[in-house]
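Got your viewer open and a free hand on the mouse? Load the model and we'll walk through it one selection at a time.

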Amino acid sequence: MSEDTTFNPISVTAYAVGEKKDSQKLVSFDKVEKQVKSIGPNHVFVELICSSICHTDWFTFGSKGAVPGHEMVGIVKHIGENVAHEGKIKVGMRVGMGYQFTSCRHCETCTNNLENLCDSSKPFYTAPIGGGYQTGVVWDAHFVFPIPDNLKSIHAAPLLCAGATVFTALHRYTKNPQYKVPGKPLSCAVLGLGGLGHLAIQYAKKMGLHVTALSTTASKEEECRSFGADEFYVHTTEEAKTTLASKFDIILNTVSGDIELDKFIVMLRPYGQLCMLGLPSNPRYDLSAFSLILKARSLVSSVIGSPEELNLMLKFSADHDIKPQVELTTLDKVGEAIEKVNSNKVRYRMVMIVNQEQVDKENQ
Ligand SMILES: NC(=O)c1ccc[n+]([C@@H]2O[C@H](COP(=O)([O-])OP(=O)(O)OC[C@H]3O[C@@H](n4cnc5c(N)ncnc54)[C@H](OP(=O)(O)O)[C@@H]3O)[C@@H](O)[C@H]2O)c1
Ligand SMILES: [Zn+2]
Ligand SMILES: [Zn+2]
């Protein structure tokens, strides 16, 4: 029996990008009321429980009127005809959505479960009513993920982008290393300990790697060790430079600013890989060919995860009790929340509650 797909109009409150503030990196937000009157046959309408702030949202701040947000969890309220027919996503399910809104579904990458790399991939801000800084979203059901029961919504939201990105990179690049020191676990450094970085420590540890945290912030040491880091260094010191030479098989770069690549490339062992995840403000890399080639090191990268990888990540997180350390606020305080993330003061992911009643219910 297929589900009822009749659609009654729903009111949504959104926080859209407004004017630029003094600092280039900050904007004001305009509260916008809208009505959703219908959804497409492949879409679902999800009423949000919470929505978290990823640093990639900054790339939408130049587009006035855009609704940012791409780590969100909510309850499915309506489904399109094709979704009902397919039967995977149902009304009443608790689900999450991440960076990707849709893809073409028929190209070579899509048909080989690499939808995140599709040429026609479309991000969150192009979704019919925009991304997660609002009370509900309309999403392509193929990019909607059921949340395991033992993950609370406030912990699941940051996994939908931050968790997926670091899990996918670790899963892919540590499976078949080019070289491994016999008898030793792979040595992994996590560079930059924000939303992505603090989750990367947890996944890497549970995957059996030796984990070193590299930060600019000395006060993060104790918490990072509690996430599973075996070692911790402030990477801006002279001491770090000598101690860390040729030490790692893989470095995950999760820094949101610009970094000097040469400084980190020399920390890799022969055949080591520097995996670029953080998106710098300067889109050109500057790198010495000699530090790279003379030890056969490589620069690799990764972007979010495919639906298959997202489902795998959610299961792995639920099975291994991996969850982000979150700070909570409410959606109407989005402007203040953004300023706090921007000044690197959040430990370690800012989650905005949209439906307090639902969050309280999960805490009982
Ligand atoms: N590839 C992908 O698919 C993907 C997915 C999601 C996000 N991203 C990108 O990944 C980056 C991290 O995102 P996030 O949400 O984790 O950000 P975040 O929570 O703000 O954390 C970024 C961390 O980078 C470090 N950092 C910031 N500025 C720095 C600078 N100038 N020099 C050195 N370190 C600096 C800080 O860590 P310490 O205090 O430890 O130094 C900070 O906590 C962003 O660029 C984001 O756009 C990429
Ligand atoms: Zn993100
Ligand atoms: Zn495609």
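One thing to know before we start clicking: a residue is called buried if 20 or more other C-beta atoms lie within 10 Å of its own, exposed if 12 or fewer, and partly exposed in between. Also keep in mind that this is a predicted model.

**Stop 1: the two domains**

Colour residues 10-161 together with 305-363 as domain 1, and residues 165-301 as domain 2. Taken over C-alpha atoms, the centres of these domains are 28 Å apart. Where they touch, domain 1 puts in 17 residues and domain 2 puts in 15. On the domain 1 side, pick out helix H10 (residues 307-319), which gives the most to this contact, with three residues. That side of domain 1 is made up of eight nonpolar, six polar and three charged residues.

**Stop 2: around ligand 1**

Now select ligand 1 and show what surrounds it. There are 28 residues around ligand 1, and those that come nearest are His55, Gly192, Gly194, Ser215 and Gly257. Helix H4 (162-173) and helix H5 (195-206) are the elements that give two or more residues to this shell. Which domains are represented here by at least three residues each? Both domain 1 and domain 2 are. Colour the shell by class and you get twelve nonpolar, 15 polar and one charged residues.

**Stop 3: Gly257**

Stay with one of those nearest residues and zoom in on Gly257. You'll find it in the loop between strand E13 (248-253) and helix H8 (261-265). Is Gly257 buried or partly exposed? It has 13 other C-beta atoms within 10 Å, so Gly257 counts as partly exposed. Next, add Pro280 and Ser281 to the selection: setting aside neighbours within four places in sequence, Gly257 is in contact with both. Try a distance label between Gly257 and Ser281: they sit 24 residues apart in sequence, yet their C-alpha atoms are 6.4 Å apart.

**Stop 4: helix H5**

Go back to H5, one of the helices that line the ligand. H5 is twelve residues long and spans 18 Å from first to last C-alpha, close to the 16 Å expected at 1.5 Å a residue. How many of its residues are buried? Ten of the twelve are, which leaves H5 mostly covered. Among the buried ones are Gly195, His198, Gln202 and Tyr203. To see what does the covering, show H4, strand E10 (187-191), strand E11 (210-215), helix H6 (221-227), E13 and strand E17 (349-353), which are included in the cover. Then step past the end of H5 to Gly208, where phi is positive, near 90 degrees.

**Stop 5: parallel strands E13, E14 and E15**

Select E13 again, this time with strand E14 (residues 268-276): the two run parallel and are joined by five bridges. Look for Phe248, which stands opposite Leu268 in E14. E14 itself is mostly covered, with seven of its nine residues buried. Add strand E15 (residues 298-301), which pairs with E14 in the parallel sense over four bridges. Here Leu274 is opposite Leu299 in E15.

**Stop 6: antiparallel strands E3, E4 and E5**

Move over to strand E4 (residues 72-79). Six of its eight residues are buried, so the rest of the structure largely encloses it. E4 pairs with strand E3 (residues 43-52) in the antiparallel sense over seven bridges, and with strand E5 (residues 94-97), also antiparallel, over four. Click on Ile75 in E4: Glu47 stands opposite it, and its bridge partner in E5 is Arg94.

**Stop 7: some backbone oddities**

Most residues other than glycine have a negative phi, and most peptide bonds are trans. With that in mind, three places are worth a click.

- Ala296 has a positive phi, near 50 degrees. Find it in the loop between helix H9 (289-293) and E15. With 13 other C-beta atoms within 10 Å, Ala296 is partly exposed.
- Ile304 also has a positive phi, about 35 degrees, though it is not a glycine. This residue is in the loop between E15 and H10, and its 24 C-beta neighbours inside 10 Å make Ile304 buried.
- Arg347 and Tyr348 are joined by a cis peptide bond, with omega about -5 degrees. Tyr348 lies in the loop between helix H11 (334-342) and E17.

Notes: Residues are numbered from 1 along each chain as its sequence is written. Chains are lettered from A and ligands numbered from 1 in the order in which they are written. This is a predicted model: local features need pLDDT of at least 70, side-chain atom pairs count only at pLDDT 80 or more; totals for chains, interfaces and linings use all residues. A residue is near a molecule or strand if its C-beta atom, placed from the backbone, lies within 6 Å of it. Ala, Val, Leu, Ile, Met, Phe, Trp, Tyr, Cys and Pro count as nonpolar, Asp, Glu, Lys and Arg as charged, and the others, Gly among them, as polar. Domain bounds come from an automatic or database domain assignment. Two strands pair if DSSP finds at least two bridges between them. The expected span of a helix is 1.5 Å times one less than its number of residues. Two residues are in contact if their C-beta atoms, placed from the backbone, lie within 7 Å.
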